[in-house]
Structure formats: structure tokens, C-alpha cells
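Open the model in your viewer and keep the sequence panel visible. Each stop below says what to select and what is there.

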Amino acid sequence: YANPIFAPIRSSIKNMGTLLVIRDITDIKKLETMRSDFVSNVTHELNTPLTSIRGFVDTLKNGAIKDEKVASRFLDIIDIETERLTLLIQDILSLSAIENMEDEKNNNVNNMASIINEVIEILNPKIKDRKINVNIQVNDDITYNCNRNRIKQLIINLTDNAIKYTEKGHIDIICKESDASIIIEVSDTGIGIEEEHIPRLIERFYRVDKGRSRNMGGTGLGLSIVKHIVSLYNGKIEVDSIIGEGTTFRVLLPKKSSVK
Ligand code: ADP
């Protein structure tokens, strides 16, 4: 009886056993549904830019290439769609690497201020494009035993969202520590999120406004990646948001249990 679902139930614990069996089947069914939903979502998300690229290439081949202005506009669109595909594939690979816990033995004591500085360096071109100030508040001596790239990605994803969904104002990145945890807070003065959406944000490909997310270069996987990293570290995510005023994402990472 390698498969516990088919294991015989001893009569003395019959009720308990039955309950367990039902839960097991439900969990497996749920997992299967989640997997097939994910595959069909991924297929759809990959197909959209591909269809657009193929359409513009065909139009170019059918003569549009002769009109320099039109050709240049179409090439720009092909460029944007190719970039979207690249980001999507990168995010899908990241998710799968985190899920498979690849690289998790690579834990070191990392200085949080230096991780945050690297994040800002990476996002600087995007920050410069917008009318936003980014303030950082972190003590130089805060360290965390973690995989540097994972925690960097977590902060990049939260900060990138703060930039994408903030027209003007400021973004604050705060890192502090309590006895038990490292606390990372990314706040913005952006569009905010309605309460009803908050529990669903960490679902793969869930977006409050699909059009806006696509226009801003979002893949719909950013917060799902954040959630996976946080659960690797047995941490917690909290979200406070007021429509039109802004959003705060707060991540609490326990110091003791590093990776599960
Ligand atoms: P995306 O790539 O679309 O940004 P995410 O998984 O990172 O995907 O985020 C999911 C959705 O949550 C976004 O589409 C957006 O609607 C919402 N969201 C995330 N962060 C913020 C934020 N700081 N302000 C407002 N909305 C946000």
C-alpha cells in the first residue's frame, strides 16, 4: 500500500481514518486543479504576446516593411512583446526554482542595507522615469541569514510594484528588526488596492486591473513569487491599503528558522 489513500482503515479508528482519506483526496484534487489552471494560464499568457508578434511580423512581410514609419512602430511593438515574454519566462523559472527549493543551501549572513542598496541600483532607471522619491530607512548593522538572491528578489518585486502603481509621491523602504524577526516594509503613495482583492493578490496571474498591469510590464507573478519566498522562510505578509492613498506591504521573516 504505497499510496496512503488506498491503505486499509483499521476498524477501531475507522472514523478518523475515513476523515483522513477524504482530506487526502481533496488535497490531491485541489493540487491537480491548481496545476492544470496554472498550465492553462501560462499557455494563455505566453500566447498573447506570441500572437501579437506573429501578427506584426506577417503584416511587415506583407508589405508594411516598405513604409519606414509604420515598420519602425511595428518593430517597437514586437520589441515590447518580446520583452514581456522574456520577463514572463524569467518569472516562471523563478517560481519553479523556489518551489523546488533549488539553491536553498546557499544561505549566508547578509547585510540588509547592502541588499536594499542593490535593489535600488537595479530599479534606478525605472525610478528616474517617474515623479517619485524613494526613501530608505535601515540600520547598517541589521543582518539576516538567508539566500541573498531570494531576499533581494522579494524586495525587488515589492518595490517594483510600488513604482508601477504610484503616479506621484514617495516610496518608503524600511527594514527593522525585533527580537524574533526581520521586518521589511515597502510603502507607497499610489493607487491603493480594494480590500476585496487583497486575499487574492498572491494567486498566480491575479491582477486587480489586467490592462494596467500589462501596460506597466507586469507578469502577474510578482506577488506569487514573494509569497513563495516568504513561506520558504516561514514568514508572514501583511498588507494595508487605502484606495487613492497608498499601500504598505509588510514582510516578517523569523530570524531562527531560516529555510524550511
Ligand atoms: P503584476 O505583475 O501584475 O504587478 P503582482 O503579482 O506583482 O503582479 O501583483 C498582483 C496585482 O496586485 C497587480 O496586478 C496589482 O493590481 C496589485 N498590486 C500589487 N502591488 C500593488 C501596489 N503597491 N499598489 C497597488 N496595487 C498593487
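## Stop 1: Asn110

Select Asn110, which counts as buried at 7% relative accessibility. Buried means under 20% relative accessible area, exposed means over 50%, and partly exposed is in between, with a 1.4 Å probe and protein chains only. Such accessible areas come from the Shrake-Rupley method with a 1.4 Å probe, and for residues only the protein chains shown count as cover.

Asn110 sits in strand S1, residues 108-111. Its side chain reaches the backbone oxygen of Asn108 at 3.0 Å and the backbone oxygen of Cys146 at 2.9 Å. A polar contact is a pair of N or O atoms within 3.5 Å; within protein, one must be able to donate a hydrogen and the other to accept it, and residues adjacent in sequence count only if both atoms are side-chain atoms.

This is a predicted model, where local features need pLDDT of at least 70 and side-chain atom pairs count only at pLDDT 80 or more, while totals for chains, interfaces and linings use all residues. Residues are numbered from 1 along each chain as its sequence is written, and side-chain values use heavy atoms, with hydrogens and water left out.

## Stop 2: the whole chain

Now zoom out and colour by secondary structure. The protein has six helices and seven strands. Helices (H or I, at least four residues) and strands (E, at least two) are DSSP runs, numbered from the N terminus. Along the sequence their pattern reads α-α-β-α-β-β-α-β-β-α-α-β-β. The protein has 260 residues, and 38% of them count as buried.

## Stop 3: the ligand

Select the ligand and show the residues around it. Which residues are the closest? They are Asn161, Tyr165, Asp188, Ser213 and Gly220, out of 21 that surround the ligand. A residue is near a molecule or strand if one of its heavy atoms lies within 4 Å of it.

Next, look at the oxygen atoms of the ligand. A polar side-chain atom of Lys164 lies 2.9 Å from one ligand oxygen atom. From the backbone, an N or O atom of Gly220 comes to 2.8 Å from an oxygen atom of the ligand, and a polar backbone atom of Leu223 is 2.8 Å from a ligand oxygen atom. Taken alone, the ligand exposes 530 Å², and the protein buries 98% of that.

The ligand takes up the space of the largest pocket. On a 1 Å grid over the protein atoms alone, a pocket is an open set of points with protein on both sides within 12 Å along at least five of seven lines.

Colour the shell by element. Helix H4 (148-164), helix H6 (222-232) and strand S7 (246-254) are the elements that give two or more residues to the shell. H4 gives the most, with three residues. By type, the shell divides into 10 nonpolar, eight polar and three charged residues. Here Ala, Val, Leu, Ile, Met, Phe, Trp, Tyr, Cys and Pro count as nonpolar, Asp, Glu, Lys and Arg as charged, and the others, Gly among them, as polar.

## Stop 4: helices H4 and H6

Stay on helix H4 and select Leu158. Leu158 counts as buried because its relative accessibility is 3%. Measure in the viewer from Leu158 to Ile184: the two are 26 residues apart along the chain, and their C-alpha atoms are separated by 9.9 Å.

Ile151 also lies in helix H4. Its relative accessible area is 0%, so Ile151 is buried. Ile151 and Ile115 are 36 residues apart in sequence and 7.9 Å apart in space, C-alpha to C-alpha.

Move to helix H6 and select Ile229. Is Ile229 buried or exposed? Ile229 counts as buried, at 0% relative accessibility.

## Stop 5: two loop residues

Most residues other than glycine have a negative phi. Select Phe205, which is not a glycine but has a positive phi of about 70°. Phe205 is in the loop between strand S5 (181-188) and helix H5 (210-215), and is buried, with a relative accessible area of 8%.

Then select Asn234, in the loop between H6 and strand S6 (236-242). Asn234 has a positive phi of about 55° and is not a glycine either. At 38% relative accessibility, Asn234 counts as partly exposed.

Terms used
On a 1 Å grid over the protein atoms alone, a cavity is a set of points where a 1.4 Å probe fits but cannot get out, and a pocket is an open set with protein on both sides within 12 Å along at least five of seven lines; lining residues have an atom within 4 Å of a point. A molecule sits in a cavity or pocket if more than half of its atoms lie within 2 Å of its grid points.
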